[in-house]
Amino acid sequence: MRPPVAKTWARRGHTPVIEVSGKGSGRVSIAGLVCLKPGQRGRLMWRTRLHRGRTGERGSFSEDDYIAFLDQTHQRLQAPIVLIWDNLNTHVSRRMHALIATRPWLTVIRLPAYAPDLNPTEGVWRWMKRGLTNTAARGVDHLAQLVKRRLRACQQQTDLLAGFFASTGMTLEPEPPR
């Protein structure tokens, strides 16, 4: 509930202040995939999950949530998936390794530790947060609406998705033989 901070203009001596509660009101978690297939437009697949801070409520996506998301993505794309994944604890757990092993259509490549510049989805998150700067959400439900609206806008801009992928230095084309 604490919005990203950005710079703005105001009259000298009148600092603009947006008051937010941000305390104990919940949060929105997002899982996303930038999907590219040679010769086709890029796609952004994403899921959100609201956490209201209730006792016993999990505060993030679980391995089951991630694998269900990957299963659904596989069915929508109707193609094998090569997943380039960071080292989030749920991505590297024993349970996740077991779930991945049962899916022959899924190949996982792990990014090195602390390498957000190699992850195209990090570009999506930066772009989304930039659009939410200096926005005061009225509550976690309103924040979820704002996030979903911003992600839908990103889905429509396939050139933007290609740019996020290109900014990592990765290509879809194999290197020519030397």
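**Exercise 1. State how many helices and strands the chain has, and give the order in which they follow one another.**

Solution. In this predicted model, the chain contains 5 helices and 4 strands. Reading from the N terminus, one meets the elements in the order β-β-α-β-α-β-α-α-α. As for contacts between residues with a separation of 6 or more, 65% of them join residues that lie 24 or more positions apart.

**Exercise 2. Determine which elements supply the largest nonpolar core, and which residues have the most contacts inside it.**

Solution. Begin with the core itself, which has 19 residues, and in which Leu44, Val124, Val147, Leu151, Cys154, Leu161 and Phe164 are those with the most contacts. Next, assign the core to elements: at least two of its residues come from each of β1 (27-35), β2 (43-51), α3 (120-130), α4 (140-156) and α5 (158-166). The largest share belongs to α4, which gives 7 residues. Then take Val147 as a single example: once neighbours within four places in sequence are set aside, Val147 is in contact with Ile30, Thr48, Met128 and Leu132. Finally, another core of 17 residues lies apart from this one, and includes Met45, Phe61, Ile67 and Leu70.

**Exercise 3. Work out how the buried and exposed residues of helix α2 are arranged around its axis, and name elements that cover the buried ones.**

Solution. First, list the buried residues of α2, which spans residues 94-101: they are Met96, Leu99 and Ile100. Viewed down the helix axis, the buried residues of α2 fall within an arc of 100 degrees, and therefore line one face of the helix. This agrees with a general rule: an α-helix has 3.6 residues a turn, so residues three or four places apart point the same way. Turning to the other side of α2, one finds Arg94 and Ala101 exposed. The cover over the buried residues of α2 includes α1 (63-77), β3 (81-85) and β4 (106-110).

**Exercise 4. Establish how many disulfides the structure has, and decide whether Cys35 and Cys154 are buried or exposed.**

Solution. A search through the whole structure returns 0 disulfides. For the second part, the cut-off for a buried residue is under 20% relative accessible area. Cys35, with a relative accessible area of 13%, is therefore buried. Cys154 has a relative accessible area of 0%, so Cys154 is buried too, and this residue also appears among those with the most contacts inside the largest nonpolar core.

**Exercise 5. Find what percentage of the residues is buried, and how much accessible surface the chain has.**

Solution. The chain has 178 residues, 35% of which count as buried. Its accessible surface comes to about 12,000 Å², and carbon and sulfur atoms account for 51% of that area.

Methods: Residues are numbered from 1 along each chain as its sequence is written. This is a predicted model: local features need pLDDT of at least 70, side-chain atom pairs count only at pLDDT 80 or more; totals for chains, interfaces and linings use all residues. Side-chain values use heavy atoms; hydrogens and water are left out. A nonpolar core is a set of buried Ala, Val, Leu, Ile, Met, Phe, Trp, Tyr and Cys residues joined through side-chain atoms within 4.5 Å. Buried means under 20% relative accessible area, exposed over 50%, partly exposed in between (1.4 Å probe, protein chains only). Contact means heavy atoms within 4.5 Å. The arc is that of the directions from the helix axis to the C-beta atoms. Accessible areas come from the Shrake-Rupley method with a 1.4 Å probe; for residues, only the protein chains shown count as cover. A disulfide is a pair of cysteine sulfur atoms within 2.5 Å.
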